[in-house]
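Here are a few notes to read with the structure open beside you. Take the points one by one, and find each residue on screen as you go.

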Amino acid sequence: MAAIPGKNTTPELTVRRALHATGFRYRLHRRDIPGTPDIVLPRYRLAVLVHGCYWHGHACKTGHIPRTNGEYWSAKISRNRERDARNGAALEERGWSVCIIRECSLRLGLEELLDTLRLAKSKMGQS
């Protein structure tokens, strides 16, 4: 597991490229806010979390529990989900909006993601 990168993953880079191409400017992995979000849009107080379906227990084709050592992986993924919930709540308590983007949704296309971010942008009263 040490060889699995926690930053600059392929899904994260895909999201970053799309954001930049549409004019959104952001900061990466800010340690001064809870959970060190993958992408932070400070202007809109928006934290974007890019979750891999496997590691965060999403109910899709890639988010399955392995057959080998299932107890360990089930507990591990449960802890990851609990941590995600704690971090999301802490961000919201501090006035941040949280946008979670799952790896499988990137395969469907980036337009939904950009629509979500444009909606978040409009909710913040920015143009």
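1. Start with two strands, β3 and β4. They pair in the parallel sense, over 6 bridges. To find your place along the pair, look for Leu46, which stands opposite Ser97 in β4. Please keep in mind throughout that this is a predicted model.

2. Now add the helix. Together, β3, α2 and β4 make a β-α-β unit, and this unit is right-handed. If you trace the chain on screen, try to follow this path from strand to helix to strand.

3. How far apart are the end C-alpha atoms of α2? They are 34 Å apart, and this agrees with what one should expect, because 24 residues at 1.5 Å a residue should also span 34 Å. After the helix comes Gly95, with a positive phi near 90°.

4. Which residues of α2 are buried? They are Trp73, Lys76, Ile77, Asn80, Asp84, Gly88 and Leu91. Among the elements that cover them are β3 and β4, the two strands that belong with α2 to the β-α-β unit.

5. Ser74 also lies in α2, which runs over residues 70-93. Is Ser74 buried or partly exposed? Its relative accessible area is 34%, so Ser74 counts as partly exposed. You can also look from Ser74 to His64: they are 10 residues apart along the chain, and their C-alpha atoms are separated by 9.6 Å.

6. Next, the largest nonpolar core, which has 15 residues. The members that touch the most others are Val15, Leu19, Ile39, Leu41, Leu46, Val48 and Leu117. At least two core residues come from each of α1 (10-21), β2 (39-41), β3 (46-51), β4 (97-102) and α4 (111-123). Which of these gives the largest share? That is β3, with 3 residues. As a general background idea, nonpolar side chains in soluble globular proteins tend to be buried together.

7. Leu117 is a good residue to click on in this core. Beyond its neighbours within four places in sequence, Leu117 is in contact with Leu19, Phe24, Leu46, Val48 and Cys99. There is also a second, separate core of 5 residues, including Ile33, Ala47, Leu91 and Trp96.

8. Arg16 deserves a look too. This residue is found in helix α1. Is Arg16 buried or exposed? With 13% relative accessibility, Arg16 counts as buried, because the cut-off for buried is under 20%. Apart from neighbours within four places in sequence, the contacts of Arg16 are Asn8, Tyr26, Leu28, His29 and Ile39.

9. His29, one of those contacts of Arg16, has a backbone feature to check. Its phi is positive, about 45°, although His29 is not a glycine. His29 sits in the loop between β1 (27-28) and β2. Its relative accessible area is 13%, so His29 is buried.

10. Finally, compare Arg45. Arg45 has a positive phi of about 50°, and it is not a glycine either. You will find Arg45 in the loop between β2 and β3. Arg45 has a relative accessible area of 34%, so this residue is partly exposed, whereas His29 is buried.

Conventions. Residues are numbered from 1 along each chain as its sequence is written. This is a predicted model: local features need pLDDT of at least 70, side-chain atom pairs count only at pLDDT 80 or more; totals for chains, interfaces and linings use all residues. Side-chain values use heavy atoms; hydrogens and water are left out. A nonpolar core is a set of buried Ala, Val, Leu, Ile, Met, Phe, Trp, Tyr and Cys residues joined through side-chain atoms within 4.5 Å. Buried means under 20% relative accessible area, exposed over 50%, partly exposed in between (1.4 Å probe, protein chains only). Helices (H or I, at least four residues) and strands (E, at least two) are DSSP runs, numbered from the N terminus. Contact means heavy atoms within 4.5 Å. The expected span of a helix is 1.5 Å times one less than its number of residues. Two strands pair if DSSP finds at least two bridges between them. A crossover is right-handed if, with the strands pointing away from the viewer, the path from the first strand over the helix to the second runs clockwise.
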